[in-house]
Amino acid sequence: MNDPLGALAPRLAALRARDRYRRPRLRDGAPGAEVVVDGRRLLAFASNDYLGLAAHPEVRAAFVRAAEEAGVGAGAAHLLGGHSRHHQRLEAALADFVGQPRALLFSTGYMANLGVVSALAGRGDTVLEDRLDHASLIDGARLSGARLRRYRHADVEHLERLLATAAGTPLVATDGVFSMDGDLAPLDRILPLARRHSAWLLVDEAHALGVVGPEGRGSLAHFGLDADGVLVMGTLGKALGTFGAFVAGPETAVEWLVQAARSYIFTTALPPAVAAAAHAALDIARRDEERRERLRELVARFRRGAAQLGLPLMPSETPIQPLLVGDDARAVALSRALEAAGIWVPPVRPPAVPEGQARLRITFNAHHRPAHVDRLLAALEAAWPCA
Ligand SMILES: *Cc1c(COP(=O)(O)O)cnc(C)c1O
């Protein structure tokens, strides 16, 4: 007898047995240095609100003002009356920020990547992606029907070999800053290579915008690259502290997305008040270099201290500072030990990272103070290696 519901129980049990079971933790209050998790106050190194803008007074005020004027929901998809002046203003500001002719808002970054990859690549084409690319880029390639080929992490020679035999129009997609590793893609080598092969280049700036490069303009700006012809995807839910995403690029490419990106067309526009809040956050992110400076100092302090303790740091200069643990059960145990000491760092396990590379994903934000870093280091010293 077919029992689809009954078939799930052993699958759940198998995840539990392998330390792969995940559940959301209940958080009260706004993201900050300390948060209340499952009723208990913890010092947290877990959020992507790198600049600490999610609860910033100016961002909140912009949100409330726009909600009072425009309501909470957009009411419709962009093409059916949901496109407000708040969206339009934000699109113009984002395009200017990343130095592209035009930007198009999507309701989430996941949807932006699905939309852009599946609109630009199709059957007969080749999508080339870094092995560590975000799941949404991988899923976009699968949805497109193009052939997906994955090159070894940051291995430009491997990418070049795959490009040499790519069928149809090639599309190269990479994270700018890798979400679980924190390192930067070698865009200074990837961009000329993509141009030489007349390939699209899509750079996912989710963890780079606001954080990396002059004014926080991202990894392309960090390398000082002329990004003419490049497609830039960015999210608003990380350093910009709000919600939503965008794709920016050449006018014609963005116009094509309006016509063809199904995750743009067939979904409700993000709330106009969220767009207004993101606009306020973008203003702060651009002008407040001190937040980025504070982050850099926290990262440097952590790396110095961790190196002294002999902890396995990864080659990252960004606020994402993972500690590679390897074994899933050990990563979970370590996270629990830190939590017992009042510190919250989530473990990250496969499939979010490759097999055998479970880790603690430590992230810093502008709310943290040097003393918080020192507390984390002391707790790690006591808990490591937690075999
Ligand atoms: C978070 C993330 C996304 C998805 O963005 P959302 O707006 O959260 O859906 C896409 N790419 C990368 C690299 C990310 O880290």
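**Notebook: where domain 1 meets domain 2**

I began with a single pair: D181 and R359 form a salt bridge, and their closest N and O atoms lie 3.0 Å apart. A reminder to myself: this is a predicted model.

Next I looked up how the protein is divided. Domain 1 takes in 25-51 + 289-383, and domain 2 covers 57-287. That places R359 in domain 1 and D181 in domain 2. How many salt bridges does the rule find across the interface of the two domains? I got one.

I then turned to polar contacts. Across the interface of domain 1 and domain 2, I noted 10 residue pairs in polar contact, with both residues at pLDDT 80 or more. Which elements give two or more residues to the domain 1 side of this interface? They are α12 (289-309), β11 (320-326) and β14 (358-363). The largest share of that side comes from α12, with three residues. I also sorted the domain 1 residues that touch domain 2 by type, and found 11 nonpolar, three polar and seven charged.

My following entry is on overall extent. I took the centres of the two domains over C-alpha atoms and found 26 Å between them. In contact are 21 residues of domain 1 and 23 residues of domain 2. Between the domains, about 1600 Å² is buried, and carbon and sulfur atoms give 59% of that area. Which residues of domain 1 lose the most area to domain 2? I wrote down L51, R292 and T318, which together make up 30% of what the domain 1 side buries.

Terms used
Residues numbered from 1 in each chain as written. Predicted model: local features only at pLDDT ≥ 70, side-chain atom pairs only at ≥ 80, totals over all residues. Heavy atoms only, no water. Domains from an automatic or database assignment. Contact = heavy atoms within 4.5 Å. Buried area = accessible area lost by both parts, 1.4 Å probe. Salt bridge = Lys/Arg side-chain N within 4 Å of Asp/Glu carboxyl O. Polar contact = N/O pair within 3.5 Å; in protein donor to acceptor, adjacent residues only side chain to side chain. Helix = DSSP H or I, 4+ residues; strand = E, 2+ residues; numbered from the N terminus. Nonpolar A, V, L, I, M, F, W, Y, C, P; charged D, E, K, R; others polar.
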